[in-house]
Amino acid sequence: MATVYLHIGLPKTGTTALQHFLYNNDKALKEHDICFPDFGLRYPGVGTRKNGRFLIVPGKDANGNPDYSVPAAEYGPTLDKIADLSKTYGRIFLTDEGIWNISRKRSDFWPKLKADLADRGLDLKIIIYLRRQDSFIESLYAQKIKETKNSYTFFEFLESEHVSNWPLDYASGLDVLSAVVGKENLIIRLYEKTQYQGAEHTLFSDFLDIFGLSLSDGFTVKKELYHPSLSGTYLELKRLLNVLPKNVKNCPAIQGSISSIQKASPFTNEREKHSFFPPGGARAFLGKFKESNERVAREYLGREDGVLFCEPVAELPEEHISTEEMLRDMIIVYGRSIQILETENSELQKRLDKLEDELEKARMSHSASLENRAKKVIKRMIGKK
C-alpha cells in the first residue's frame with residue numbers, strides 16, 4: 001500500500017526552501033520511489049510548489065461564495081490522480097504550510113481526508129516542523145508587514161487574531177491530529193539548527209532523513225534565498241507605507257527599492273540583531289507554552305527530560321529605530337525609487353522610439369506599395385486604349 005506524506009508546515013520553518021528543493025530534485029526523488037507531483041492546479045497568490053493546496057481550497061455555497069465547510073471541486077479528482085500515481089510510486093509527497101491552520105475551518109477535514117485516502121488504498125503520514133514560539137511569532141510578524149497591508153505594531157499584532165488563530169499550543173494541535181491518524185503516523189521535526197538530523201545537519205539533510213535518505217544519495221542543494229525578510233528601518237518603512245490606499249507589495253518602485261537597498265546598504269550589514277520583544281519579553285511569551293512544549297517532548301518525542309527546544313533564548317536588545325536612522329534610510333529608499341522609475345521610463349522610451357520607427361517604416365513601405373500598384377493600374381489602362 002502506498003503512503004501519502006503530507007507536509008503541513010508550520011510556516012516560517014523553511015517550507016519554501018524545502019518545496020523548491022523537492023522540485024529541483026524531482027529525478028532523484030523518483031529514483032528513490034518518491035513522487036512530488038504537479039497537478040497543474042494554480043491558485044492566485046499561492047506558490048506553484050504547494051501541491052497540497054487543493055486540500056484546503058474552499059468549496060462554494062448555493063450562491064457561489066467560498067464555503068470552507070466543504071472541499072473544492074478539484075478535491076476528489078486530484079485524490080484520484082494520487083491513487084493513479086500510487087501504482088508507480090510507493091510514496092507520494094504533498095506540501096502546503098497553511099494546512100494545519102486552515103484545516104481547522106472544516107470540522108471533518110482530517111477524518112474525511114484519512115477516509116478518502118483509505119478508500120483509494122492509500123495510507124497517510126503527516127510531517128510537521130515546529131519552531132520555538134517566540135522566534136516563530138517574530139518571523140510571522142515581519143512577514144505580515146512585508147507581504148500585506150497591515151500596519152500594526154508588534155504588540156498590536158500579539159493581540160490580534162493573526163496570533164490567536166495560530167495553533168501555538170503545539171500539544172493540543174498534535175492531539176487533534178493523533179486522534180485521527182495515530183501518533184505513529186505523525187512525523188515531528190524541530191526547526192533548530194542544533195536538532196537537524198543527517199550528516200550535514202541542515203534542514204535538507206534533516207528532511208531527507210525522514211525517508212532514510214541523505215544528500216549523498218544523488219541530491220543537490222542550490223544556493224538560493226527565498227522570501228528574504230525586512231528588518232530594522234526597512235521593515236518600519238514598509239509598515240508605515242502600508243497605510244497607502246494601494247498595496248505597496250504591488251508597487252515595484254517602492255517594494256523593490258526597500259528590498260534592494262536593505263541588501264546593498266552598508267548600514268544594514270553593520271546592524272546587530274534585535275528583538276521585537278522587550279527585555280525578558282520572549283521568555284515571558286514562551287512561558288505560556290511551557291507545559292504544552294514539555295508534553296510534546298515527552299508524549300510525542302519520548303524525551304523524558306521534557307525539553308523540546310534546545311537553543312537558548314537570546315537576550316537581544318529591543319528593536320528601536322532612531323530618528324537619524326529613519327531619515328537616513330528614508331532618503332536612500334526614496335532615491336532608489338526614483339532610480340527604478342527612471343530606469344523603467346528609459347526602457348519604455350526606448351521601446352516607444354523603436355515602435356515609432358517600425359511604424360514609420362511600415363507606413364513608408366505601405367505608401368510605396370500603394371504607389372506601385374497605382375502605377376501598374378494606370379499602365380494597364382493606358383495599354384488598353
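Biologist: At what angle do helix 9 and helix 15 pack?

Modeller: Helix 9 and helix 15 meet at an angle of about 40°, and their axes are 7 Å apart. Helices (H or I, at least four residues) and strands (E, at least two) are DSSP runs, numbered from the N terminus. Axes are lines fitted to C-alpha atoms, for helices over the stretch in contact, and angles run from 0 to 180 degrees between N-to-C directions.

Biologist: Why is helix 9 called oblique to helix 15?

Modeller: Angles under 35 degrees count as roughly parallel, over 145 as roughly antiparallel, 65 to 115 as roughly perpendicular and the rest as oblique. An angle of about 40° belongs to the rest, so helix 9 is oblique to helix 15. Contact means heavy atoms within 4.5 Å. Among the residues that make it are Tyr170, Leu174 and Asp175 of helix 9 and Arg295, Val296 and Tyr300 of helix 15.

Biologist: On what basis should these values be read?

Modeller: This is a predicted model, in which local features need pLDDT of at least 70 and side-chain atom pairs count only at pLDDT 80 or more, while totals for chains, interfaces and linings use all residues. Residues are numbered from 1 along each chain as its sequence is written, and side-chain values use heavy atoms, with hydrogens and water left out.

Biologist: What makes Arg120 and Asp80 a salt bridge?

Modeller: A salt bridge is a side-chain nitrogen of Lys or Arg within 4 Å of a carboxyl oxygen of Asp or Glu. The closest N and O atoms of Arg120 and Asp80 are 2.8 Å apart, so the pair satisfies the 4 Å limit. Arg120 is in the loop between helix 5 (109-119) and strand 6 (122-130), whereas Asp80 is in helix 3 (residues 75-85), so the pair ties together parts that are 40 residues apart in sequence. A search of the whole structure finds 20 salt bridges.

Biologist: Why does Arg120 count as partly exposed?

Modeller: Buried means under 20% relative accessible area, exposed over 50%, and partly exposed in between, judged with a 1.4 Å probe on protein chains only. Arg120 has 25% relative accessibility, so Arg120 counts as partly exposed. Asp80, with 38%, is also partly exposed.

Biologist: Is Glu315 counted as buried or exposed, and at what relative accessibility?

Modeller: Glu315 has 53% relative accessibility and therefore counts as exposed. Its salt-bridge partner is Arg283, with the closest N and O atoms 2.9 Å apart. Arg283 belongs to helix 14 (residues 281-287) and Glu315 to the loop between helix 15 (290-300) and helix 16 (323-384), so the pair ties together parts 32 residues apart in sequence. Arg283, at 46%, is partly exposed.

Biologist: How do you know that Asp329 counts as buried?

Modeller: The relative accessibility of Asp329 is 1%, and Asp329 therefore counts as buried. Asp329 meets Arg328 in a salt bridge (3.0 Å, N to O), and Arg328, at 27%, counts as partly exposed. Elsewhere, salt bridges that share partners join Asp175, Arg295 and Glu299 into one network.

Biologist: Which residues of helix 5 are buried?

Modeller: They are Phe109, Trp110, Leu113, Asp116 and Leu117. They cover an arc of only 135° around the axis, which puts them on the same side of helix 5; the arc is that of the directions from the helix axis to the C-beta atoms. Their cover includes strand 1 (2-7), helix 3, helix 4 (99-102), strand 6 and helix 9 (170-181).

Biologist: Why do strand 2 and strand 7 stand at the edges of the sheet?

Modeller: Five strands form an open sheet in the order 2-5-1-6-7, with parallel pairing. Strand 2 (34-35) and strand 7 (186-190) each have a single partner strand, so one side of each is left without a neighbour in the sheet. Two strands pair if DSSP finds at least two bridges between them. Strand 6 and strand 7 are joined by five bridges, so they meet that requirement.

Biologist: What is unusual about the phi of Asp33?

Modeller: Most residues other than glycine have a negative phi, and most peptide bonds are trans. Asp33 has a positive phi, near 65°, and is not a glycine. The peptide bond from Gly9 to Leu10 is cis, with omega near 0°.
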